Amino acid sequence: MNAQLMRWLRLLAVLGFFAVPTLVLAQLTQSQQEEWLHTPAVASHIGNLTGNANSGTVKYDYRRYCVGCHGELGDGNGEVAQWLDPPMWPKPRDFELAIFKCRSTPTGTLPTDEDLYDTIGRGLDRSAMPIWNTFTNQERADLVAWIKHFSPRWQTEKAGTPIQIPPEPEITPDRVKAGQDVFARVQCWKCHGVAGQANGPSASTLTDDQSRPIAPFNFTDGSRPKCGSTDQDIYRIFMTGLDGTPMPSFADNIKPEEAWDLVFFLRTLQPHNQYNKREKEIAKQLNLKPLNALKLSQ
Ligand code: HEC
Ligand code: HEC
């Protein structure tokens, strides 16, 4: 045997030594995921629907409609993922981590099945994640169960308890003004900018938990929030935070009454939409001016 070939064979043997354990590890996860498929912790409950990860069709739905981005193992490494460049195009979610942006539950906890169900139907604006409104309710509930089989967290933890949202009070000029004070005090403007244009002093340096660049929400350009657009949704967004991103939960810094004031103020930043006619009128009456960034930084 010539020396060159010997060297190649030795190299192959060394590579093989490393390759085998990684292969085994990968398979272990997959077989573990397959075991989890059959556990009650993975079933989803949405109203009177029960979603099943063994429904017979869900595997094919996932393969056909989700795998291209979220990957066979749910790790977010589907074929399309490489073409998505943050911050413009966030990477697909890694379901193995079970960390979700849109939750009704406190920061750090698992979302409810309804949260995941709603997200799938809503899609995620400013990302490649489409609105999935062609599935039947049962198929969507099954997909929720399927997503849960990718992470061990669902085997050991329960979903968090949804936060309480007090009934929406009436909007008044005082509340809009008080909302602006909250926006200044808890420093939403550091990322979102004084006028909500996503140009605060920290905006350009933000990264998510996986060190990928991420942009704050721009209230003024007509974008839809990823986690819903109603007043209740906005309340929930800043009181639970978008886990995995620099958008924190303010549950410890903002009281429930103040939170409604802040929702009303945020509405004055948004272009006219079906929800904020009244707030815009009030802002005009009050001649409400954007906060002064220089003064705030002192
Ligand atoms: C074309 C790519 C693409 C396809 C196809 C796709 N997704 Fe996504 N999905 C994404 C991206 C990108 C994100 C992350 C968006 C972000 O972080 O703003 C995401 C995020 C999610 C999330 C996490 C939401 C949260 O609150 O964090 C869920 C759940 C989800 N997708 C479910 C699905 C399901 C179920 C399917 C198939 C029916 C699917 N996706 C198909 C791209 C895709
Ligand atoms: C440290 C920076 C930072 C601070 C401070 C911050 N945000 Fe955010 N916020 C973000 C980022 C980044 C996003 C975008 C997350 C994404 O697209 O995944 C965001 C998104 C949002 C969204 C849209 C969420 C969605 O569903 O798309 C709202 C509403 C919001 N922030 C409100 C607030 C309010 C109100 C405050 C103050 C109480 C605040 N933010 C403070 C960084 C911040």
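Reader: In this predicted model, which helix does R185 lie in?

Author: The model is a predicted one, and R185 can be placed in it by its surroundings as well as by its element. With 13 C-beta neighbours inside 10 Å, R185 counts as partly exposed, because a residue is called buried only from 20 such atoms upward and exposed at 12 or fewer. The helix that holds R185 is α7.

Reader: What distance separates the C-alpha atoms of R185 and I254?

Author: R185 and I254 are 69 residues apart along the chain. Their C-alpha atoms are nevertheless separated by 9.7 Å.

Reader: At what angle do the axes of α7 and α10 cross, and which word describes that arrangement?

Author: Helix α10 covers residues 256-269, and its axis and that of α7 come within 7 Å and cross at roughly 95 degrees. Angles from 65 to 115 degrees count as roughly perpendicular. The two helices, α7 and α10, are therefore roughly perpendicular to each other.

Reader: Which residues of α7 and α10 meet, and how many of the contact residues are nonpolar?

Author: On the α7 side the contact is made by R175, V176, A178, G179, Q180, V182 and F183. These meet E258, W260, D261, L262, F264, F265 and T268 in α10. By class, the residues of this contact include three polar and three charged ones, and the number of nonpolar residues is eight.

Reader: How is α7 oriented relative to α11?

Author: Helix α7 runs over residues 173-185 and helix α11 over residues 277-286, and they pack with their axes 10 Å apart at an angle of about 85 degrees. That angle makes the orientation of α7 to α11 roughly perpendicular.

Reader: Which residues of α11 does α7 meet?

Author: From α7, the residues that take part are P173, V176 and K177. The residues of this contact divide into five nonpolar, one polar and two charged. Those on the α11 side are E279, I282, A283, Q285 and L286.

Reader: Which residues of α10 meet α11, and how many of the residues in that contact are charged?

Author: The axes of α10 and α11 come within 8 Å and cross at roughly 80 degrees, and these helices are therefore roughly perpendicular to each other. F264, R267 and T268 in α10 meet E279, K280 and A283 in α11. This contact has two nonpolar residues and one polar residue, while the number of charged residues is three.

Reader: Why can the buried residues of α11 be said to line one face of the helix, and which residues are they?

Author: What covers the buried residues of α11 includes α7 and α10, whereas the face turned away from the buried side carries the exposed residues K277, K284 and Q285. The buried residues of α11 are E279, I282 and A283. Seen down the axis of α11, they fall within an arc of 100 degrees, so the residues lining one face are E279, I282 and A283.

Reader: Which residues come nearest to ligand 1?

Author: Around ligand 1 there are 24 residues, and the elements that give two or more residues to this shell are α3 (67-70), α4 (113-122) and α5 (137-148). The shell divides into 17 nonpolar, four polar and three charged residues. Those that come nearest are C66, C69, C102, S127 and M129.

Reader: Which residues are the closest to ligand 2?

Author: Ligand 2 is surrounded by 25 residues, with α8 (189-192), α9 (231-240) and α10 as the elements that give two or more residues to the shell. By class, this shell has 18 nonpolar, four polar and three charged residues. The closest of the surrounding residues are C188, C191, P225, K226 and M247.

Reader: What is the phi of Q187, and what is the phi of A198?

Author: Most residues other than glycine have a negative phi. Q187 lies in the loop between α7 and α8 and counts as partly exposed with 14 C-beta neighbours inside 10 Å, while A198, in the loop between α8 and α9, is partly exposed with 19 other C-beta atoms within 10 Å. Phi is positive in both, that of Q187 being near 65 degrees and that of A198 near 65 degrees.

Reader: Which two residues does a cis peptide bond join?

Author: Most peptide bonds are trans. Here, however, omega is about 5 degrees at a bond that involves P87, a residue found in the loop between α3 and α4. The residues joined by this cis bond are P86 and P87.

Notes:
Residues numbered from 1 in each chain as written. Chains lettered and ligands numbered in written order. Predicted model: local features only at pLDDT ≥ 70, side-chain atom pairs only at ≥ 80, totals over all residues. Near = placed C-beta within 6 Å. Helix = DSSP H or I, 4+ residues; strand = E, 2+ residues; numbered from the N terminus. Nonpolar A, V, L, I, M, F, W, Y, C, P; charged D, E, K, R; others polar. Axes fitted to C-alpha atoms, helices over the stretch in contact; angles between N-to-C directions. Parallel < 35°, antiparallel > 145°, perpendicular 65-115°, else oblique. Contact = placed C-beta atoms within 7 Å. Arc of directions from axis to C-beta.
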